[in-house]
Amino acid sequence: MQLLIRRYRPSDKDTVRSLFSHGILEHIGSCFHNAMSSPLYVGITLGLFGAGYLLAGGSLLWALVAAGSWVALLYYSCYEVFASYVRKRLQTDMQDIEGSYLSRPNDCFWVAETEVNGRAEVMGMVAVMAKQSQNGETYGELFRMILSSSCRRMGLGSRMTQTVLDFCRERGFTKVALETSSTQTAAVALYEKMGFAHVHSHTNTEAPDWMTNLARVHIVGMERHLKA
């Protein structure tokens with residue numbers, strides 16, 4: 001599969017927004033699995049099942065209701081961590097991609113395109129925005145790295161990341177920074193392979209704090225310094 005990385009065009013908007021939404025929401029299942037498989041949550045589930053069974057006089061139905069309510073709450077929390085992020089982004093920068101990423105010379109938005117059955121299709125995206133550090137240095141922040149599931153493990157993620165690195169290096173930026181979620185282990189591994197180091201983590205998401213904490217998600221901050 002031949003993939004061309006090019007600058008975003010207005011005609012890409014609907015496809016890019018759809019790819020972005022699916023690319024983020026697909027992590028809900030992994031988030032739920034990771035949280036549910038933790039020893040603490042396994043213990044809570046079994047404890048609620050047992051409590052429901054005993055308190056209801058040996059009713060299996062109430063045991064299932066007690067445990068099921070907890071599991072449903074956990075899934076909803078995982079869902080909201082990612083769904084609330086998608087809703088926010090679709091109303092802001094992903095609503096006006098040109099204005100957000102292509103109106104300034106030191107920002108950019110790229111898509112990866114290939115031909116499928118004679119038609120050009122967008123298979124990936126990535127963006128960068130120039131930022132100013134507290135000491136006055138200009139750096140780039142990588143955003144919106146999304147790849148279609150049909151073209152993963154083909155080196156596209158590395159190519160898209162390298163596109164951002166080259167763009168920032170050409171402009172004399174001191175580093176490239178990014179944030180991703182702890183659930184997105186493949187993305188974290190890619191960035192580590194590309195020379196990014198972990199610099200911080202936090203739990204500030206678009207979802208309420210209690211949902212983020214319940215889902216056991218944290219945001220990973222990474223940076224790669226650029227040589228002149």
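User: Where does R216 lie?

Analyst: In this predicted model, R216 lies in the loop that runs between α8, residues 209–214, and β7.

User: Why is R216 called partly exposed?

Analyst: The relative accessible area of R216 is 44%; since buried means under 20% and exposed means over 50%, with partly exposed in between, the value of R216 falls into the partly exposed class.

User: What makes the phi of R216 worth a remark?

Analyst: R216 is not a glycine, and yet its phi is positive, at about 60 degrees. Most residues other than glycine have a negative phi.

User: Which phi value does R144 have, and in which strand does R144 lie?

Analyst: The phi of R144 is near 55 degrees, again a positive value in a residue other than glycine, and R144 belongs to strand β4.

User: How do you know whether R144 is buried or exposed?

Analyst: The relative accessibility of R144 is 9%, and the cut-off for buried is under 20%, so R144 counts as buried.

User: What makes the buried residues of α7 lie on the same side?

Analyst: Helix α7 covers residues 185–193, and its buried residues are A187, V188, L190 and Y191. They cover an arc of only 160 degrees around the axis, and therefore they sit on the same side of α7. On the other side of that helix, T185, A186 and K193 are exposed.

User: Against which elements do the buried residues of α7 pack?

Analyst: The packing partners of these buried residues are the strands β4 (138–147), β5 (175–181), β6 (197–202) and β7 (219–225), together with the helix α6 (156–170). After α7 comes G195, whose phi is positive and near 95 degrees.

User: Why is β7 described as mostly covered?

Analyst: The description rests on a count, in which five of the seven residues of β7 are buried, and buried here means a relative accessible area under 20%.

User: How do you know that β5 and β7 pair, and in which sense do they run?

Analyst: Two strands pair if at least two bridges are found between them, and β5 and β7, which run antiparallel, are joined by seven bridges. One of the partnerships is that of L178 with M222, the latter being in β7.

User: How many bridges support the pairing of β6 and β7?

Analyst: Five bridges link β6 and β7, in the antiparallel sense, and with a threshold of at least two bridges they count as a pair. In this setting S201 stands opposite V220 of β7.

User: Why does E98 count as partly exposed?

Analyst: E98 has its place in helix α5, residues 97–101. Its relative accessibility is 41%, which lies between the limits of 20% for buried and 50% for exposed, and so E98 counts as partly exposed.

User: Which residues does E98 touch, not counting residues up to four places away in sequence?

Analyst: With those residues left out, E98 touches Y8, P10 and S103, where contact means heavy atoms within 4.5 Å. E98 and K13 are 85 residues apart in sequence, whereas their C-alpha atoms are 9.4 Å apart in space.

User: What share of the contacts in the chain joins residues at least 24 apart?

Analyst: Of the contacts between residues at least 6 apart in sequence, 66% join residues at least 24 apart. The chain that holds these contacts has eight helices and seven strands, and buried residues make up 46% of its 228 residues.

Methods:
Residues numbered from 1 in each chain as written. Predicted model: local features only at pLDDT ≥ 70, side-chain atom pairs only at ≥ 80, totals over all residues. Heavy atoms only, no water. Helix = DSSP H or I, 4+ residues; strand = E, 2+ residues; numbered from the N terminus. Buried < 20%, exposed > 50% of the residue type's maximum accessible area, 1.4 Å probe, protein only. Arc of directions from axis to C-beta.
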